[in-house]
Amino acid sequence: MRPTFGADVLRYIDAPINSAIPAIVREVTEAITRWEPRVTVVSISAMPVLGEDTQAGAHLDVAVTWRLKLTALGPGASPFAPAQSIVIAIATP
């Protein structure tokens, strides 16, 4: 029941890939910054998946790297905290 929750990446489904990728990176960055205050975003990148089993560019892999803000020394992103990352596959419906 929260229509603004998450990242609105599906609105770029028919956009040209050259303009969709920066917009998706921006959407994901804004969503993480807004909805996950416990982390600091280190980097976000999106790359089209080029494979034989899918249509070229029909899927994106979005890689997110972050650091936890709360460390053993208290709040605040520590430069010594290990960066963590995840790759999320976004497929067209």
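A nonpolar core is a set of buried Ala, Val, Leu, Ile, Met, Phe, Trp, Tyr and Cys residues joined through side-chain atoms within 4.5 Å. I keep this definition at the head of my notes on this predicted model.

**Entry 1: overall layout.** I looked up the secondary structure and found 1 helix and 3 strands in the protein chain. Along the sequence, I read their order as α-β-β-β.

**Entry 2: surface and burial.** I noted 93 residues in the protein chain, with 25% of them buried. For the accessible surface I recorded about 6,700 Å², and carbon and sulfur atoms hold 62% of that area.

**Entry 3: contacts along the chain.** I considered the contacts with a separation of 6 or more, and 43% of them join residues 24 or more positions apart.

**Entry 4: the core.** Which residues touch the most other members of the largest nonpolar core? I found Ile24, Val28, Ile32, Ile44, Val62 and Val64 in that role, within a core of 16 residues. Helix 1 (17–35), strand 1 (39–48) and strand 2 (59–68) each give two or more residues to this core. Helix 1 supplies the largest share, 7 residues. I then examined Val28 and set aside residues up to four places away in sequence; Val28 touches Ala7, Val9, Ile44, Val62 and Val64.

**Entry 5: Glu27.** Is Glu27 buried or exposed? I located Glu27 in helix 1. Its relative accessible area is 10%, and buried means under 20%, so Glu27 counts as buried. Apart from neighbours within four places in sequence, I listed Ala7, Asp8, Val9, Arg11 and Tyr12 as the contacts of Glu27.

Conventions
Residues numbered from 1 in each chain as written. Predicted model: local features only at pLDDT ≥ 70, side-chain atom pairs only at ≥ 80, totals over all residues. Heavy atoms only, no water. Helix = DSSP H or I, 4+ residues; strand = E, 2+ residues; numbered from the N terminus. Buried < 20%, exposed > 50% of the residue type's maximum accessible area, 1.4 Å probe, protein only. Contact = heavy atoms within 4.5 Å. Areas by Shrake-Rupley, 256 points an atom, 1.4 Å probe, with all protein chains shown as cover.
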